[in-house]
Amino acid sequence: MKRYKIIISGRVQGVGFRPTIYRYALQEKLKGFVLNTTNGVVVEIEGKEQNIKNFLKKIKTQSPKQSKIAKISIQKIEQKYDRKFLIKKSVLSKKSSLEISPDISICDDCKRELFSKNDRRYLYPFINCTNCGPRFTIIKDVPYDRKNTTMHEFKMCEMCKKEYADPANRRFHAQPDACWDCGPDVELVASKKLKVKSLNKGKKAIQKTIELLKKGKIVAIKGIGGFHIACDATNDEVIKKLRRRKNRPDKPFAVMMKDINTVKKFCYVSKEEEKILNSSEKPIVLLKKKYSTQDTVAPNNNSLGVMIPYTPLHCLLFQSIDLLVMTSGNKQDEPICKTNDEAIKELSGICDYFLIHNRDIYNRCDDSIVKVQNKNDLVIIRRSRGYVPNPIGLTRSVNAKQSKTSILAAGAELKNTFCLTRGNEAYVSQFIGDLKDSKTYEFYKESIENMESILKVKPKAIAYDLHPDYLSTKCANELRTTHSKLFTIPTQHHHAHIASVCAENNIDDKVIGVSFDGTGYGMDGNIWGGEFLIVNGGTFERKYHLRYIKLPGGDSAVHEIWRIGFSYLYSIFGDKAVKFYPDKNVSVIKNIINKNINCPLTSSVGRLFDAVASIINLRQEITFDAQAAIELEFLASSKSKNKNCYEYEISGEEINLKKMIIGIVDDFNKHKSNSEISLKFHNTLAEIILNICQKLRKETKINKVALSGGVFQNEILLEKSVKLLENDNFYVFFNKQVPTNDGGISLGQAWIANKIMNSIKIA
Ligand code: ZN
Ligand code: ZN
Ligand code: FE
């Protein structure tokens with residue numbers, strides 16, 4: 001007889017780990033105990049050598065589906081002659097190395113019970129087990145025990161208690177476990193001028209909601225990480241009404257569809273895409289549309305964002321519904337609503353009814369958005385529910401020294417996320433949004449606190465963007481004044497974009513970085529965004545960039561894109577450019593350009609897309625971020641193999657696109673189709689990337705290229721560039737795990753800061 005102490009770390013809580021251990025211990029006739037601690041699952045086992053071996057093998061090879069073992073340490077200890085194997089109470093300490101599981105979509109077993117007439121949870125909208133249900137969104141503190149979640153206030157009934165305590169049961173220690181008798185319930189309410197009227201509860205509430213949706217009503221539905229706004233996706237009238245009420249004229253809505261067969265009716269679905277739609281993360285997947293009839297849902301867009309039901313409540317609603325628009329329940333730029341009161345207050349002008357429930361959401365978390373690119377690459381566009389808080393390793397080497405400095409990376413301004421590091425792991429936060437909105441800024445600060453408490457870390461260094469006006473920078477400065485010992489590490493925006501690719505791919509040597517982006521504060525105070533950098537860990541060098549152009553009116557040119565179109569034309573044709581904009585007041589713009597009033601200089605490729613869209617009169621104003629670029633991409637997506645390019649010049653470190661703009665104007669005047677012009681424009685950008693990378697390779701012998709920045713959400717440009725570069729034997733890397741847009745900036749900042757902190761230690 002022997003006794004061992006085993007410590008298992010990683011994602012081992014809230015995923016059915018202890019019951020599994022218990023089962024294996026019984027199977028192998030082992031005595032001892034298992035318990036959750038802040039450092040992981042601790043097991044002590046006593047028994048015959050062979051049984052212990054079998055036990056360890058089972059843990060390693062048959063651990064629960066949602067678990068992820070980071071490390072197992074085994075130590076022989078003295079025998080204690082226990083008579084039983086027990087599950088002991090959790091032990092807390094201040095430091096933690098545990099991983100918290102993301103939220104998990106309803107499992108097949110629970111789905112089966114949900115629709116079994118004889119099951120005691122028949123049609124219960126909060127059914128869950130150790131393999132599924134909410135996790136990150138309900139957790140307040142570690143370890144993951146019921147009392148540390150928002151389920152704390154629900155007292156389990158005798159039946160539930162029995163299941164919870166029975167190691168042989170699927171619900172053994174399932175923290176959010178509940179049933180009709182003891183758990184949360186749904187309620188349908190109407191709200192007129194904030195006077196809330198309860199209509200139905202339970203099954204009736206769900207039935208009534210289905211009827212209302214079918215009648216063309218707009219209903220707010222409380223979900224896992226926040227509210228959705230739902231309406232019939234086949235009813236153009238209600239979608240138009242929703243667009244009016246939400247002040248969202250064009251931006252695509254996501255759609256939830258009953259099942260994979262329904263999805264296939266409307267979209268092309270590859271094997272890989274089907275796998276991701278059905279995965280336990282259940283993100284919104286961008287799919288190619290089959291028909292254009294969904295055009296009120298996603299106008300002028302190739303793709304449609306689709307997800308399938310991921311909570312029991314969704315499954316119940318979709319019993320007799322095929323597809324619903326399911327968009328985030330928020331006002332423009334504000335965070336997604338998470339409490340009932342908040343939703344009723346904020347969304348009353350948008351929604352006719354509210355399907356609420358009384359299980360509180362602690363951590364707000366939007367739906368994630370992903371797409372499949374290059375056949376099998378999963379590319380994450382918005383990383384939230386289902387993925388957060390999974391860590392991203394900052395180093396691949398198992399023997400790497402654990403970094404002792406925890407870093408807070410503040411992120412950028414739009415599509416903000418922040419990142420906290422613990423040891424060599426980076427925890428990128430859920431999607432926060434646009435920090436300029438004051439409620440979003442509050443959400444940001446509150447989420448940083450929550451993440452610190454779940455990870456049990458206090459950052460010693462803070463990385464932030466160079467932009468002096470970003471609120472994330474302001475937040476960093478506030479922290480600096482309150483924590484005098486905090487290291488502060490300013491990072492350049494595009495350096496951080498490229499660093500995010502390095503972090504994901506564990507690139508430690510020099511790399512050519514191509515950052516094509518909308519906006520980013522440059523070292524010279526100008527707005528960068530068409531940059532070729534050499535990135536070497538914590539440092540970088542700017543090698544080439546688009547020639548600067550004046551951005552008349554600064555931020556207002558981002559929405560009124562004709563201003564940047566005019567600026568390009570005016571820089572080339574002088575006064576002749578005026579005739580391109582007969583119905584715009586260009587003399588004012590001409591004036592501010594000539595007098596250099598509020599005309600920041602920019603090398604942004606994002607703005608170049610806007611300029612081209614304006615010049616070919618595709619549109620002159622936009623209502624959401626990257627709208628013009630998305631429509632240009634849509635035009636270029638014809639199957640044409642045309643490889644024609646426009647001319648351009650490189651002088652010194654500047655890429656001069658004067659000839660390209662002249663070419664585009666020529667083609668436009670010759671009535672060439674916008675599709676053809678757009679394709680030629682995309683070809684030219686890919687060609688420029690290849691050309692400059694070749695120059696840099698010649699000069700530096702570096703053969704790795706990292707592509708990042710919001711512009712690379714453009715699939716056509718990304719695929720063309722990757723192909724050209726790979727055909728010329730470059731190793732090409734781009735973002736997959738974090739967004740290539742500013743949602744990935746925080747990971748890059750953390751990686752840079754980590755490099756810098758490590759080098760400080762050596763020196
Ligand atoms: Zn389940
Ligand atoms: Zn119960
Ligand atoms: Fe950016």
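# Exercises on sheets, metal sites and buried elements

Strands β31 and β32 run parallel to each other and are paired through four bridges. The structure is a predicted model, and the exercises below are to be worked with it in view.

## Exercise 1: The seven-stranded sheet

Determine the strand order of the open sheet of seven strands and locate its edges.

*Solution.*

1. Reading across the sheet gives β29-β30-β26-β25-β24-β31-β32, and the pairing is mixed.
2. An edge strand pairs on one side only; this applies to β29 (649–651) and to β32 (731–734).
3. From one strand to the next, the twist averages 25°.

## Exercise 2: The surroundings of β31

Establish how β31 is joined to β24 and β32, and state how far β31 is covered.

*Solution.*

1. On the β24 side, residues 511–516 (β24) and 704–708 (β31) form a parallel pair with four bridges.
2. Within this pair, Gly513 has Ala706 as its bridge partner, and Val514 stands opposite Leu707.
3. On the β32 side, the pairing is again parallel, over four bridges; here Val705 is bridged to Val732.
4. Helix α21 (residues 715–727) completes a right-handed β-α-β unit with β31 and β32.
5. Four of the five residues of β31 are buried, and the strand is thus mostly covered.

## Exercise 3: The zinc site

Identify the protein donors of the zinc ion (ligand 1) and classify their arrangement.

*Solution.*

1. The donors are the SG atoms of Cys107, Cys110, Cys129 and Cys132, at 2.2 to 2.4 Å from the ion.
2. Along the chain these donors follow the spacing C-x2-C-x18-C-x2-C.
3. The site links distant parts of the chain: Cys110 lies in helix α3 (residues 108–114), whereas Cys129 lies 19 residues away in the loop between α3 and α4 (158–165).
4. The angles subtended by the four donor atoms are 103 to 120°. Four donors count as tetrahedral if all angles lie between 85 and 135 degrees. The arrangement around the zinc ion is therefore tetrahedral.
5. For comparison, the ideal angle for four tetrahedral donors is 109.5 degrees.
6. Cys110 and Cys129 are both buried.

## Exercise 4: A buried arginine beside the zinc ligands

Which residues does Arg171 touch, leaving aside those up to four places away in sequence?

*Solution.*

1. Arg171 is placed in the loop between α4 and β6 (186–192).
2. Its relative accessibility is 3%. The limit for a buried residue is under 20%, so Arg171 counts as buried.
3. The contacts of Arg171 are Cys110, Glu113, Arg121, Ile127, Asn128, Cys129, Glu163, Tyr164 and Asp177.
4. Two of these contacts, Cys110 and Cys129, are also donors of the zinc ion (ligand 1).

## Exercise 5: The iron site

Describe the donors of the iron ion (ligand 3) and their placement in the chain.

*Solution.*

1. His493 and His497 each donate through NE2, Asp517 contributes two OD atoms, and Asp742 contributes an OD atom; the distances to the ion are 2.0 to 2.7 Å.
2. The sequence spacing of the donor residues is H-x3-H-x19-D-x224-D.
3. His497 belongs to helix α13 (residues 493–505), while Asp742 sits in the loop between β32 and α22 (745–762); the two are 245 residues apart.
4. His497 is buried, because its relative accessibility is 1%. Asp742, with a relative accessible area of 12%, is buried as well.

## Exercise 6: An enclosed strand

Is β22 (residues 461–465) largely enclosed or open, and why?

*Solution.*

1. Five of the five residues of β22 are buried, so the strand is largely enclosed by the rest of the structure.
2. Ala461, Ala463 and Asp465 cover one side, and Ile462 and Tyr464 the other; both faces are thus covered.
3. β19 (residues 407–409) pairs with β22 in the parallel sense over three bridges, with Ile407 bridged to Ala461.
4. β23 (residues 487–491) pairs with β22 in the parallel sense over five bridges, with Ala463 bridged to Ile489.
5. Helix α12 (residues 471–482) joins β22 and β23 in a right-handed β-α-β unit.

## Exercise 7: Helix α1

Which residues of α1 are buried, and against which elements do they pack?

*Solution.*

1. The buried residues are Phe17, Arg18, Pro19, Thr20, Ile21, Tyr22, Tyr24 and Ala25.
2. Eight of the eleven residues of α1 (residues 17–27) are therefore buried, and the helix is largely enclosed by the rest of the structure.
3. These buried residues pack against β1 (2–11), β2 (31–37), β3 (40–47), α2 (49–61), β4 (68–77) and β5 (85–87).
4. Just after the helix, Lys29 adopts a positive phi of about 55°.

Key:
Residues numbered from 1 in each chain as written. Chains lettered and ligands numbered in written order. Predicted model: local features only at pLDDT ≥ 70, side-chain atom pairs only at ≥ 80, totals over all residues. Heavy atoms only, no water. Pairing = 2+ DSSP bridges. Axes fitted to C-alpha atoms, helices over the stretch in contact; angles between N-to-C directions. Donors = N, O, S within 2.8 Å, 3.2 Å for Na, K, Ca; no water. Tetrahedral: all angles 85-135°; square planar, octahedral: opposite > 155°, others 65-115°. Buried < 20%, exposed > 50% of the residue type's maximum accessible area, 1.4 Å probe, protein only. Right-handed = clockwise from strand over helix to strand, strands pointing away. Contact = heavy atoms within 4.5 Å.
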